[in-house]
Amino acid sequence: MMAVMIGCLLISQGAGLTEATAVAESTTATSSEASADDNAAGAEEGGDSAAGEASTQLPAPENGLAEGMEQAAENEFLILYVNRETTEIAVQDKRSRAIWYSNPQNREEDAIATGYNKAKLNVQVEITYFDKAGNSLKYDNYTHSVQNGQFVIEEASNGVNIVYTLGEVKSDIDAIPKYISEERFQSVILDKIADAGDKREVEKRFKHDEENKRYERRDSSFKGVGLTKVTEIFNAIGYTEEQRAVDKEAYGESAEGNANVRVPLHYKLDGAYLQVSIPAGEVEYPDTMNIQTLSLLPFFGASGREDEGYTLVPDGSGSLIHFNNEKTYAAAYRTAMYGNDAAISQLIRIQKEEAARLPVFGMKYEHKGFVAIIEEGDAVAAVEADVSGRLNSYNTVGSSFTIHNLEEVTLTNGWRSSTVKKFQAEPFQGSISIRYGFLGAEDASYSGMAELYRDYLTERADMARLTVEEGVPFYVELVGGIPKKKFFLGIPYSAYEPLTTFEQAETILSHMNSLGIGDIKLRYTGWFNGGIQHDLPSSVSVDKKLGGRKGLSDLQAYAAGHQVELFPDAAFLEVAPKADGFKKSSQASRFITGKTAQIYPYYAANFRQEEERDPGYVLSPKALSSVVDGFLDDYNKLRLDGLSLRDLGSKLNSDYNRSEVVDREEAKQLALEQVKRMSDSGRQLLVEGGNAYTAPYAHHIVNAPMGSSGFNLTDESVPFFQLVFHGYAQYAGSAWNMGDNQDLTHQFLQALETGSGLYYNWFFADSSSIKLTEFDYLYSADYRRWIDEAADAYRELNEVLGDVQSQTIVDHRKLDEGVYQTTFEQGKTIIVNYNDTAANVNGMTVGAKDYWVGGETRR
């Protein structure tokens, strides 16, 4: 099919195959300019610096630190500075001498930003909230705290804590109630004033409102001496804060007038990381305020219009936004982590996007970079990025956290209707934490960012390295049984249609072995509790029409004897329509509106839900543990070594039941506990998607992201996901015979570029078996149509990638349009050319839609 060109020529790990040149970089005071003086290769956009190049030690920066910065903490790797007037911070990487700032240091010179957008450049924390009237408003720590002097800087071990009070400055007039009832004005105020002159002083400063039977404060008279006199009188008669609260509450004045928010922001040096956090439950605000989002350090490391580099965002496998790409016509980037929450009602779904699986973002300048890891609160987080020229002169990336989700409810009264916002009953109250790591010139690339994040997962999440693996995995998903509507004497009834019995599965495996396919990972869906749309998995009953428990045992024995790993599949987070054993009243999640969280497919034509179909349901995270208990009790009796998790690695849903809200972060922890239980016994796990919190416990990942959503603001996709996990887990993208693009050549080249395995979705029965069913999308899954070319692809792919399965990918770069280079840990390098014409790489020709392999794997 394609020629494998094995050679001894190894392309330099410097991007673009250009000659390395030394580039000196001066230290400056702005976060948007490099502050290291390292030698670096003249690299193409997106690649690493040349491996093995020389590096010189920089002297200490001269006048490099911005004015007003004072040292707050220092360790072996970093120095933390804080400006005690503006509360902005800076951190210096002692290894590269680079200085990173929380805010642009030349922001006053920004010719684009005006008004609010100009002031926002000073912000470290911003909240968006709704008042009682449903108006969306913003508070930020600069406008509503720093400018008013409402903050406290506290020294802390290895860092500094800053406590902001966001809100209007309290005036002395606030000690006097705006309104007070006739009865209380007489009994609580006038009757307690002994001096007649003082009594008249108070009376003339209040206006009597006979209609509402109250007194109203004359604000115009409370100035200077008048305000001082009345304040002294009120203090003398014992009019306390408790009394003021009673009068303010009586006339709805308590929260909206001075809605103060307390936000404690902690900065801490932790080894080579800067940790920025807000501890759990320590954000304080009035009950009447519904905080929707909290944005943290939106301008950290922001680059200017003169800088070159890119922003990494976790869109699918990873995506780059080039600095200053002039795409101000496109919407700013914002993607919530881990995809959609099925417990939030979504009647229309227009945009189909790749889920963000890894809670990571970063920036690469020409000779330095940073990577940020959202380590707490990631399940309620979103990554936001934008380019210069829209609101200001800076390229930015940061994260925001959802505190209250909301749904809009339409109320109707005859021909009139109105829409009101309904918020989740309990807010997110967990910790928020972002960990910033820093890269020098030699590591400043998305490859370097992936290495740093991989090291973080091995150190903090106990992600384990693969043992020596010989052979590329061939993932084959066989579909067991499906529900099908049949007719008897014209009367419809629901029947079970076997597509692949256990005996037929052995036939397919035998055929695969005869064609030389090895390293088979068999994912078997639809094998228990009624087929692919199985009943609630709180128990396990092997489907008899597939061969029952005896047939499964025989298949297991065959697999073990032929080095096939078996992964029976089960879904836990979402319940199929008409599933037995499921109690909607106690086990279903609720939407914010209180309705049962139902799941419908969407029409491709109008993007609306197919409400005429039977819905599935979202299992409440509270019910997950008991369901898994029952499942494992029965599954352990089958003595199976593998398990496929259909949704625990790809979906994450809340429960907004007003009696006990389970937010998405809590749902993540509950799901993670069950994944750990399933893996603790030594059982091998296969997951879909590969959400970051489950990936360290998975040995295999299918439907791993292989590209990005292609948002207008982004410029190119990168295999960041694969750079993180290769050598630690085996993976494959979507099934080669089921995707929108069934170009085998493209899929093969992409597998080479990303170090991926093959994945096919097959069944044994005739294709007519799925006719007139909701599974007609499986029409191309007849294994007979694919097995021969799949065998050819496996043999060729295994020849190239078989010996690097336990190695990391140390470098990936774009050499030219459609031409990419991947370098593995021990030196093997692969160049793929997706173009219809040959590519010239450093004087060497790589054919059209072909590849080149160089270097040697050292043993």
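So, the residues lining the second largest pocket: 10 of them are nonpolar, nine are polar and seven are charged. That makes a lining of 26 residues. Bear in mind that we're looking at a predicted model here. The space in this pocket comes to about 580 Å³. If you want to find its centre on screen, look for Lys120, Glu126, Ser295, Pro298 and Glu384, which lie nearest to that point.

Which elements give two or more residues to this lining? There's one helix on the list, helix 1, at 115-120. Then come the strands: strand 6 (125-130), strand 15 (290-296), strand 18 (333-336), strand 21 (381-386) and strand 22 (396-402). Strand 22 gives the most, with five residues.

Okay, from pockets to cavities. Rolling a probe the size of a water molecule over the atoms shows where empty space is left. In this model, three cavities reach 30 Å³ or more. The largest one holds about 80 Å³. Around it you'll find Leu573, Leu619, Ser620, Pro621, Leu624, Leu652, Asn653, Ala667, Leu670 and Ala671. Two elements, helix 10 (621-635) and helix 11 (664-680), give two or more residues each to that lining. Helix 11 has the largest share, with three. And what classes of residue are those? Eight are nonpolar, two are polar, and none is charged.

The second largest cavity has about 40 Å³ of space. Val313, Pro314, Gly316, Ser317, Gly318, Leu358, Val360 and Phe720 line this one. Sorted by class, you get five nonpolar residues, three polar ones and, again, no charged ones.

Next, a couple of backbone oddities. Most residues other than glycine have a negative phi, and most peptide bonds are trans. Now look at Leu297: not a glycine, yet its phi is positive, at about 45°. You'll find Leu297 in the loop between strand 15 and strand 16 (310-313). Is Leu297 buried or exposed? Leu297 has a relative accessible area of 0%, so it counts as buried.

The other one to look at is Lys213, with a positive phi of about 55°, and that's not a glycine either. Lys213 also sits in a loop, between strand 11 (206-209) and strand 12 (214-217). Its relative accessible area is 54%, so Lys213 counts as exposed. The cut-off for exposed is over 50%.

While we're talking about the surface, let's go to Leu489. Where is it? Leu489 is in the loop between strand 27 (481-488) and strand 28 (491-498). With 76% relative accessibility, Leu489 counts as exposed. Leu489 is also part of a nonpolar surface patch, together with Phe488 and Tyr493. Between them, those three have about 390 Å² of accessible area.

One last stop, and that's Met363, which belongs to strand 19, residues 360-364. Why does Met363 count as buried? Because its relative accessible area is 0%, and buried means under 20%. If you'd like a sense of distance across the model, take Met363 and Asp634. Along the sequence they're 271 residues apart, and in space their C-alpha atoms are 49 Å apart.

Note on methods:
Residues numbered from 1 in each chain as written. Predicted model: local features only at pLDDT ≥ 70, side-chain atom pairs only at ≥ 80, totals over all residues. Heavy atoms only, no water. Patch = residues over 30% accessible without salt bridge, like charges linked within 9 Å, V, L, I, M, F, W, Y side chains within 5 Å. Areas by Shrake-Rupley, 256 points an atom, 1.4 Å probe, with all protein chains shown as cover. Salt bridge = Lys/Arg side-chain N within 4 Å of Asp/Glu carboxyl O. Helix = DSSP H or I, 4+ residues; strand = E, 2+ residues; numbered from the N terminus. Buried < 20%, exposed > 50% of the residue type's maximum accessible area, 1.4 Å probe, protein only. 1 Å grid on protein atoms, 1.4 Å probe; cavity = no way out; pocket = protein on both sides within 12 Å on 5 of 7 lines; lining within 4 Å. Points joined across faces, edges and corners; volume = space filled by probe spheres on them. Nonpolar A, V, L, I, M, F, W, Y, C, P; charged D, E, K, R; others polar.
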